[in-house]
Each structure stands twice: as structure tokens, then as C-alpha cells.
Amino acid sequence: MPHSPLRPTRRQFLGTSAAMLAPFAFPTVGRAMANSKVNIACIGVGGKGASDLKEVAVGHNIVALCDVDTDRLETAAKNFKEAKKFQDWREVFDMKGIDAVTVSTPDHMHAPVTLTALRLKKHCYTQKPLTHSIHEARVLTKAAAEAGVVTQMGTQHHATKRLKIAVQTIRDGVIGKVSEVHCWTDRPGTFWKQGLERPATSDTPPANLNWDMFLGVAPERPFVAKLYHPFHWRGWWDFGTGALGDMGCHIMDPVVNALELGAPTTVKAEGGPLLPESGPTSCKVDYEFPGTKHTTATVKVTWYEAGAQPPREIFQAPADWKNDTNGVLFRGEKGNLFVGFPIMPKLFPVADFENHKWPELEDHNHYQEWTSAIANGGKTGCPFSYSGPLTETVLLGNVAFRAAATINWDSANLKATGLPAADKLIRRQYRKGWEVEGL
Ligand SMILES: NC(=O)C1=CN([C@@H]2O[C@H](COP(=O)(O)OP(=O)(O)OC[C@H]3O[C@@H](n4cnc5c(N)ncnc54)[C@H](OP(=O)(O)O)[C@@H]3O)[C@@H](O)[C@H]2O)C=CC1
Ligand SMILES: O=C1CO[C@H](CO)[C@@H](O)[C@@H]1O
């Protein structure tokens, strides 16, 4: 008899129970494997999944490929003829001999797939944002610690010398204590649209797509051609996490990393339109964090999107300097540090830093950092112990926007103090029959 949606199979359940018997936190450090080739299952192999697959395959075995779209599955399979093919990710976990999993599905399926993998003690590379909800991020962070496996969130910029140099420069105190940070992106609008109402019409899903499987834990929605699939699901709260969820884990990563930020205390958002199903066309989010050794007593972080940017004059950049469409500006006591995506860091005002020597740091391969840590031991740059809390922070901006209220954040209890209406935005409900214990 086929097992029901998301009810673990017997083997998965035994894996879960074993994990529960060992509730100790292990660091995310790989233990060298006897056979140094890692057997990897890749879930979501179109779009970004196709490149994740190629990157982690270097020197290792791709043993399973899974995609809800058989066309994309067959395309991926052309280069990995030995791999078993699946359309249903739950069946992947019934296969023997898998050491590790990549999860490159749309955002709404990251947590159910990843938690299942963690409970079976599989090493996980999960795309950003780690999860769709804040509650899921907290659960995955804990489950990863308990499983003691090697984890990495798919924020490959983290391993670039560009971001490493920016982080090191801030931590070295080159611009002094940081009091405010500005982060911006050109999404949404250019890459996908938001501010949408769901049409009353529907279409028949193409034969290559299992629409029910695509929906997974999301609410029942009729298929509409080109509206969600592929890629455009980003603009819909059922599947995506808006521009903030899409780019925030990249752009706020050097901020949280450099300043060693914990959870924010307050989060406010403005923008619109506020619609039940689709993200805003534009939004600005103001976070306030408790200070750290790299900052003033408190530190403000502002998020801009849809091409909005901080006022040009606060950069103190030369008039002919061309800003990036995605970037970060740190403002410190002694000056400003800018880093772009992909522009290298700059210090402003230029005259104050003429003799500055940048640290010499190298690019690393973020994907192979993960496979290497599994095979040979070692650490990853974005283990869930780091990327779980980062994802929580990023997604809090969406909660503030959708609740249309200032969030006074009680991180320990995952509550917006005095705002019970935010609860359903912090922990979403899964489709009936697709519930996963703990999520
Ligand atoms: N780190 C980075 O730079 C990037 C990260 N990403 C992240 O990667 C993820 C995927 O985004 P993107 O590739 O652009 O999206 P796409 O919609 O282009 O591709 C997602 C793939 O996953 C498949 N899929 C969907 N649901 C499931 C499921 N339940 N099980 C197995 N396969 C499934 C899709 O099939 P189908 O074709 O039927 O939809 C598709 O092949 C997102 O979380 C995104 O944030 C994306 C781009 C870059
Ligand atoms: O880095 C990236 C490139 O753009 C994509 C679309 O916004 C993102 O999803 C991705 O993370």
C-alpha cells in the first residue's frame, strides 16, 4: 500500500526514533567517511537544482534524482545515467545507501524535505531561504544539531572573497563601530511579479507536471499556466517568500556575519499592496538589533527592494561612482563600507582610506565545501546553526509586513509580543494530509 502523504514510512520512522534517542547537539563538522565518495540524492533538479547538482557531483556519486516535472527530471538524468529517478521525494528516502541530499525545490517544500532527511541523518544542502516559515527554521536548526550531520544553506556568495573581505574589514574595525546598515535589491518586478490577485480561471496541468506534488504542503490551488511554475511561484505566499526571502539570505548574510548579530528586537515594514496571496510590489523593512562588539549600543538595519536604495548622499561616494543593483552599505564611526552583488567592497569617503590594504582572502566553492566536509571532515560556512537564525531574521520582515504591525520580537518563544495575529504567519498550517510532525 502506498504510504500517505508525508506520513513517514517504517524506515523513516525508525530513523526519526533513533534521532530522538540521541538528543545531543553536535557541531556541524563532517566526520571522515570510510568511502570518501558521498552518495547524493538531489531533490528539485530544474532551475537552480540543475546547477546545485552539477556542483556537488564533482568527485561524488549522484545516486538519485527527483523532480515533480518529468521533463526536467529527464534533462538532469541525461548526465547521470546511473541515478534512480523519482517524481515523489518521499520515495527517495526509502532508497538505501543515500548519505546526503540537496534540496532545491521552491521555498515552501524546503522544510518538509529537509526535516525528513535530517531525521534519517542525511547530510543536507538546502537552498535559501532555509525555510518558508520562522517556526520551520527553528525546528530545522534544532534537528540538524541533533542529527550531527553536515549542513549548508545555498548562499554561495558567503564563500566568495568579496564577502569574506567585507566581513573581515568590518570585524577589523576599519570603519569603527557600526551604527546602521542598508541592504537593497532590485527584486521583485524585474525577475518576477508581485502585487497580484489570483485569477478566477484555471488550466489543465501539462502531462509532465505532477501539480499535486508541486503543491505539497501548500494549500490546494488550481493550476494556472505560467503563473507559478516554474520560477514565478516566488511572488505567491503559498510557495515563495517575496523579495526579502528570495534575496535577503544573500544580502543580509554579510551583515549578520560581520556584526555577529543575534535576533532583532523590533521589526517594522511599510509598502504595498497588502494582499492575502501575493507579496508586495515594494516594501521597506526596518530592523533594530541589540549591539555587539562591532556596533554601537543598538544597530539599525534597513531593507529596500524593487530598485529602491538608501539616499545616495549617505554613501559619501564619488559623484561618478556607479552603485550596484543589489548591495549593502555599512555606516561606521570612521566611514562607510559598501559591498555589492557582484561589486567588490569599497570604502568611503575614498580620501579617508587611500592607504587601506584589503585583507588577502580567496574564493571557495560553497557546494564542494559541503561535500568535502562530509567526505573528509571539516566545516561549512553556512551550517543550519548559522543559516537557521539568519533565515528567521530575514523572514521576520515578511511577518511585520503581512501583520501590518511593529513586531516586538520574543525570539526565545518565537512570538511577536502582544500580537497573537502574527502566530499564523510565524507557523503556517500544512495542507490536510500533508502534515509533518513538528512542523
Ligand atoms: N542560491 C542561489 O543563487 C539560488 C537559489 N535558488 C533557490 O532554489 C530554489 C529553487 O528555485 P528555482 O530553481 O529558481 O525554481 P524553479 O521553479 O525554476 O525550479 C525548482 C525545481 O524544483 C522542482 N520541484 C518543485 N517542487 C518539487 C518537489 N516537491 N519535489 C521535487 N522537485 C520539485 C521544480 O519542478 P517544476 O519544473 O515542475 O516546477 C523545478 O525543477 C528556491 O528555493 C530558490 O530560492 C534559486 C536560484 C538561485
Ligand atoms: O541569487 C539569486 C539570483 O536571482 C534569483 C532570483 O531572484 C534568486 O532566487 C537567487 O538566489
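This report describes the overall build of a predicted model, its annotated domains, two of its helices, the surroundings of its two ligands and one loop residue.

**Overall build**

The protein contains 13 helices and 17 strands, and its C-alpha atoms fill a box of roughly 70 × 55 × 40 Å when this is taken along the principal axes. For 439 residues, a compact globule would be expected to have a radius of gyration near 22 Å, and the 21 Å found for the protein agrees with that expectation. Of the 439 residues, 49% count as buried.

**Annotated domains**

Two domain features come from an unreviewed UniProt entry, which places "Gfo/Idh/MocA-like oxidoreductase N-terminal" at residues 39-154 and "Gfo/Idh/MocA-like oxidoreductase bacterial type C-terminal" at residues 195-435. Their secondary-structure content and the separation of their end C-alpha atoms, as computed from the model, are set out below.

| Residues | Helix | Strand | End C-alpha atoms apart |
|---|---|---|---|
| 39-154 | 41% | 23% | 19 Å |
| 195-435 | 24% | 20% | 29 Å |

**Surroundings of the ligands**

Ligand 1 is surrounded by 30 residues, of which Gly 44, Gly 46, Gly 47, Lys 48 and Asp 69 are the closest. The elements that give two or more residues to this shell are helix 2, which spans residues 47-57, and helix 8, which spans residues 211-215. The largest share, three residues, is that of helix 2. Sorted by class, the shell around ligand 1 holds twelve nonpolar, eleven polar and seven charged residues.

Around ligand 2 stand Arg 187, Phe 191, Asp 246, Met 247 and His 250, a shell that divides into two nonpolar, one polar and two charged residues.

**Helices 2 and 6**

Helix 2, already met in the shell around ligand 1, has Gly 49, Asp 52, Leu 53 and Val 56 among its residues, and these four are buried. Seen down the axis of helix 2, the buried residues fall within an arc of 105°, so they line one face of the helix. The spacing behind such a pattern is a general one: an α-helix has 3.6 residues a turn, so residues three or four places apart point the same way. Helix 2 is followed by Gly 59, whose phi is positive, near 85°.

Helix 6 covers residues 134-147 and, with 14 residues, reaches 20 Å from its first C-alpha to its last, which is close to the 20 Å expected at 1.5 Å a residue. This helix is mostly covered, since eleven of its 14 residues are buried. The buried residues of helix 6 include Ile 134, Val 139 and Leu 140, together with the alanines Ala 137, Ala 143, Ala 144, Ala 145 and Ala 147. His 135, Glu 136 and Thr 141 also belong to the buried set of helix 6. Just after helix 6, Gly 148 takes a positive phi of about 65°.

**Ala 317 in its loop**

Ala 317 is found in the loop between strand 11, residues 295-304, and strand 12, residues 327-332. With 19 other C-beta atoms within 10 Å, Ala 317 is partly exposed, because a residue must have 20 or more such neighbours to count as buried. The C-alpha atoms of Ala 317 and Pro 349 are separated by 5.9 Å, although these two residues are 32 residues apart along the chain.

Terms used:
Residues are numbered from 1 along each chain as its sequence is written. Chains are lettered from A and ligands numbered from 1 in the order in which they are written. This is a predicted model: local features need pLDDT of at least 70, side-chain atom pairs count only at pLDDT 80 or more; totals for chains, interfaces and linings use all residues. A residue is near a molecule or strand if its C-beta atom, placed from the backbone, lies within 6 Å of it. Ala, Val, Leu, Ile, Met, Phe, Trp, Tyr, Cys and Pro count as nonpolar, Asp, Glu, Lys and Arg as charged, and the others, Gly among them, as polar. UniProt positions are given in the numbering used here, feature names are shortened, and annotations may be inferred rather than shown by experiment. A residue is buried if 20 or more other C-beta atoms lie within 10 Å of its own, exposed if 12 or fewer, and partly exposed in between; C-beta atoms are placed from the backbone. The arc is that of the directions from the helix axis to the C-beta atoms. The expected span of a helix is 1.5 Å times one less than its number of residues. The radius of gyration is taken over C-alpha atoms; the globule rule is 2.2 Å times the number of residues to the power 0.38.
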